[in-house]
Structures are given as structure tokens and as C-alpha cells.
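Here's a walk through one predicted model, starting from a single residue and working outwards to the whole fold. Have the sequence and the coordinates open while you read.

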Amino acid sequence: MVSAVQNVAIDCADAYGLARFWSAVTGRPLHPEHRPGGRETQVLLAEGLVLYFNQVPEAKTAKNRIHLCLRPETSRDQEVDRLSGLGATLVADHRNPDGSGWVVLADPEGNEFCVLRSESDRAATTS
């Protein structure tokens, strides 16, 4: 017997606001019944997985022990620019001169996540 992952839960100060950011990041919809001001909101990812945003009273105080890693459809660098335009901030840049590496960003509430190379980026550096 095994357990299936139902959702990834993210504590936050503004569940609906942060879910809107992640909806724009993933291109996936918010749960249709959730509204601004609600204490919980979900982003409905493909294959049934859910990003679950839960409003909590305490602020984030330390580095995430678990985080999301994104593999964009476009190039890594284009995606970093797009996400920055949505409100993400740069935490650490681990890009290498040969094109390998990743970028660590934070969402509007400071939760870290990584942007990896796209498949086309990976193919370009192995050719």
C-alpha cells in the first residue's frame, strides 16, 4: 500500500491573493467556489494535484524546508523575467556560464521556489 499526494499546502497571510499569483504562474484555475477574503483557496493543477493555500496568523520566519521546482515551457531566463513581472523576487542566481543551473525566486509572501532549465534549454547545452 502507498499514499497518494492530494495537495501541497502553503501557509500564508492572504490565501486568495497568493493563490492568484500561483494561478498566474501555473496557468491553472482557482477553485471556482473560492473568493477574496476566504481563509483557504486552491489552485487546481493538472492530473488532480492541488496547491492549497491556508491563511494563518503567523508570518513566515525562515527558509522553506520544502519548495516547488518549476520547469518552464519557454526558456528559464524568459520565465524568470515573466515571474518577476508577476511579483516574484530574486533570492539566488545559480545559473552557470554553460547554461546549466537554476534560479531561486520568492513568491509575494516570501516562499522560495526554483526555476529550472526548460527542455529546450537542456537540449541546447547537450548538443
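Let's start with isoleucine 66, which counts as exposed because its relative accessibility is 70%. For burial, the cut-offs used throughout are under 20% relative accessible area for buried and over 50% for exposed, with partly exposed in between (1.4 Å probe, protein chains only). Isoleucine 66 sits in the loop between β3 (50-55) and β4. Its C-alpha atom is separated by 8.9 Å from that of phenylalanine 113, which is 47 residues apart from it along the chain.

A word on ground rules: this is a predicted model, with local features needing pLDDT of at least 70 and side-chain atom pairs counting only at pLDDT 80 or more, while totals for chains, interfaces and linings use all residues. Residues are numbered from 1 along each chain as its sequence is written, and side-chain values use heavy atoms, leaving out hydrogens and water.

**The overall layout**

The protein has three helices and seven strands, and the pattern along the sequence reads β-α-β-β-β-α-β-β-β-α. Helices (H or I, at least four residues) and strands (E, at least two) are DSSP runs, numbered from the N terminus. The C-alpha trace spans about 50 × 35 × 30 Å along its principal axes. Of the 127 residues, 36% count as buried. Taking contacts (heavy atoms within 4.5 Å) between residues at least 6 apart in sequence, 52% join residues at least 24 apart.

**The three-stranded sheet**

One open sheet runs β1-β3-β2, with mixed pairing; strands pair if DSSP finds at least two bridges between them. At its edges are β1 (7-12) and β2 (40-44), each pairing on one side only. On average, neighbouring strands here are turned by 20 degrees against each other, direction ignored. β1 and β3 pair in the parallel sense over six bridges, and valine 8 has leucine 51 in β3 as its bridge partner. Helix α1 (residues 15-26) lies across β1, β2 and β3, running at about 10 degrees to β2. Angles like that run from 0 to 180 degrees between N-to-C directions, with axes fitted to C-alpha atoms, for helices over the stretch in contact.

**The four-stranded sheet**

The other open sheet has the order β4-β7-β6-β5, again with mixed pairing. β4 (68-70) and β5 (89-93) each have a single partner strand, so one side of each is left without a neighbour in the sheet. From one strand to the next, the twist averages 30 degrees. In the middle, β6 (residues 103-106) and β7 (residues 112-115) pair in the antiparallel sense over four bridges; valine 103, for instance, is partnered by valine 115 in β7.

Helix α2 (residues 76-86) packs on this sheet, touching β4, β6 and β7, and its direction makes about 145 degrees with that of β7. Which residues of α2 are buried? They are Arg76, Glu79, Val80 and Leu83. Seen down the helix axis, these fall within an arc of 105 degrees (taken from the directions from the axis to the C-beta atoms), so they line one face of α2. Asp81 and Gly85, on the other side of α2, are exposed. After α2 comes glycine 87, with a positive phi near 120 degrees.

**Cysteines and rings**

How many disulfides are there? The count comes to zero, a disulfide being a pair of cysteine sulfur atoms within 2.5 Å. The sulfur of cysteine 69 has its closest cysteine sulfur in cysteine 114, but at 4.3 Å that is too far for a bond. Cysteine 69 is partly exposed, whereas cysteine 114 is buried.

A pair of aromatic rings is described by the distance of the centres and the angle of the planes. Rings of Phe, Tyr and Trp (its six-membered ring) pair if their centres lie within 6.5 Å; planes under 30 degrees apart count as stacked, over 60 as edge-to-face and the rest as tilted. The structure holds three such pairs. Phenylalanine 21 and tryptophan 22 make an edge-to-face one, 5.5 Å centre to centre with 90 degrees between the planes. Ring pairs link Phe21, Trp22 and Phe113 into a cluster.

Here are the accessibilities for the cysteines and two of the ring residues:

| Residue | Relative accessible area | Class |
|---|---|---|
| Cysteine 69 | 46% | partly exposed |
| Cysteine 114 | 8% | buried |
| Phenylalanine 21 | 6% | buried |
| Tryptophan 22 | 2% | buried |
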